[in-house]
Amino acid sequence: MSWNRDLFPSELNADQHAVVAFSGGLDTSLCVLLLRREVGCRVTTVTVDTGGFDAEELRYIEARSRELGAEEHILVDGRQAVYDHHIAYLIKGNVLRGGVYPLCVGAERVVQGREVAELAAVRGADWILHGSTGAGNDQVRFEVAIAATRPDLPTWAPIRDLGITRQQSTDYLRACDFVVEEKTTDYSINAGLWGVTIGGKETHDPGSYPPEGAWTTTCSPQDAPAQGASLTLSFEDGLPVALNDARLEPLELLEQLRSLGEQHGVGRDIHLGDTILGIKGRIAFEAPAAAVLIPAHRELEKLVLSRLQLFHKNQMGELYGMLLHEAGWFDPVVRDIEAFIDSSQRRVSGEVELYLRQGSVSVRGVHSPFTMLAP
């Protein structure tokens, strides 16, 4: 397979050094291969771990980078940054895009773009590449984050700019003797701290639903335990701090909720909505921790916030989610929104009792020293 070299950046040449935001998946693998085989420049791959990878997967990503010809692979732990800067506000704001989607990916792209840009500057790179397509939101999120962090570094998105399909990527890698699993061609899967997104095949048809084999982490609801599971979440200042009275750090708490939700088939859904480009998009997702935390937090707020607090805070939460989703997180107004949300959470403390059963989450009780419920 040959590529139209006229569509490559004219300034990109073999004497330069490029940093690739690398997941080890189909599209980012192609980015590395294009740089090594078609351009001949030096390549450093950077994986910003925003959750969703286990140790084996991280070892595979590093091995894949070396196999493709990168001279260096760097792993950055971005999980705490994702929680502190973004997920904390998604919880406080009860953010669900279109009433269903907890923004599994948007927050992570901001952190990934920032970290890759900073590392590229430290390494003296000439280019930053990412594997986004021309149809989705990630191309904008990456490039805004990179430009806001290191405006002096140019970016290139070859999958978008060359109009490369997933099948073409598969064919090129296989022609170069690299293994590509069939499922990788069918679906684009992004895993992170706040959930997993699944795009491809059935998600492109609003009348179709992914088959059981497309879901990556959650148990099928009909196969989940019929007896269900009860749990108690404790909140302080709007954020979860304990599960079943065991106090946990945020990342560990999210991990335990994710595992528990997966076992009970919780958090599967499909979101159909507006993209940054103004067209419609559709994505399947699995977000068990969000599916438990947001209803719990929302119910606690009902108990302790006034009617007008709830009204205005819900508007601020929705606005925060919209700006984060649409690559607007760097706008100074987001700091103002965060300040309002933080102020609203000063009395959002207490315990919430929940029950998980075969894909459903129900809130069964809520307690707070700041209750506004009449005795």
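**Sheets, cores and a pocket in a predicted model**

Strand 9 and strand 10 form a hairpin in which two residues lie between the strands, and Asn244 in the turn has a positive phi of about 50°. Helices (H or I, at least four residues) and strands (E, at least two) are DSSP runs numbered from the N terminus, and two strands are said to pair if DSSP finds at least two bridges between them. The model is a predicted one, in which local features need pLDDT of at least 70, side-chain atom pairs count only at pLDDT 80 or more, and totals for chains, interfaces and linings use all residues. Residues are numbered from 1 along each chain as its sequence is written, and side-chain values use heavy atoms, with hydrogens and water left out.

The hairpin belongs to an open sheet of five strands, whose order is 10-9-8-13-14 and whose pairing is antiparallel. Strand 10 (246-247) and strand 14 (360-367) stand at the edges with a single partner strand each, so one side of each is left without a neighbour in the sheet. Strands of a sheet pair through backbone hydrogen bonds, either parallel or antiparallel. Strand 9 and strand 10 are joined by two bridges, and Leu243 has Ala246 in strand 10 as its bridge partner. Strand 8 and strand 9 are paired in the antiparallel sense over four bridges, with Glu236 standing opposite Leu239 in strand 9. These two strands, strand 8 and strand 9, also form a hairpin with two residues between them, and Asp237 in its turn has a positive phi of about 50°. Strand 8 (residues 229-236) is further paired with strand 13 (residues 350-357), in the antiparallel sense and over seven bridges; here Thr232 stands opposite Glu353 in strand 13.

Five of the five residues of strand 9 are buried, so this strand is largely enclosed by the rest of the structure; buried means under 20% relative accessible area, exposed over 50%, and partly exposed in between (1.4 Å probe, protein chains only). Two helices lie across the sheet. Helix 9 (residues 250-263) lies across strand 8, strand 9 (239-243) and strand 13, and runs at about 70° to strand 9. Helix 10 lies across strand 8, strand 9, strand 13 and strand 14, running at about 35° to strand 14. For such angles, axes are lines fitted to C-alpha atoms, for helices over the stretch in contact, and the angles run from 0 to 180 degrees between N-to-C directions, while contact means heavy atoms within 4.5 Å.

The largest nonpolar core has 68 residues, of which Tyr83, Trp194, Leu231, Leu233, Leu257 and Tyr320 touch the most other members. Its largest share, nine residues, comes from helix 10 (residues 288-304). A nonpolar core is a set of buried Ala, Val, Leu, Ile, Met, Phe, Trp, Tyr and Cys residues joined through side-chain atoms within 4.5 Å. When neighbours within four places in sequence are left aside, Leu231 is in contact with several residues, including Leu243, Leu257, Val292 and Glu353. Another core, of 30 residues, lies apart from the largest one and has Trp3, Phe22, Leu68 and Val180 among its members.

A second open sheet is made of four strands in the order 6-7-12-11, with antiparallel pairing. Its edge strands are strand 6 (188-192) and strand 11 (268-274), each of which pairs on one side only. Neighbouring strands of this sheet are turned against each other by 25° on average, direction ignored. Strand 11 is joined to strand 12 (residues 280-286) by seven bridges, and Ile270 has Ala284 in strand 12 as its bridge partner.

Most residues other than glycine have a negative phi. Leu103, which is not a glycine, nevertheless has a positive phi of about 55°; this residue is placed in the loop between helix 3 (79-92) and helix 4 (106-122), and at 2% relative accessibility Leu103 counts as buried. Asp177 likewise has a positive phi, near 70°, and lies in the loop between helix 7 (166-175) and helix 8 (182-186), but at 69% relative accessibility Asp177 counts as exposed.

Glu38, in helix 1 (residues 26-39), is partly exposed, with a relative accessible area of 23%. Glu38 and Gln345 are 307 residues apart in sequence and, from C-alpha to C-alpha, 53 Å apart in space.
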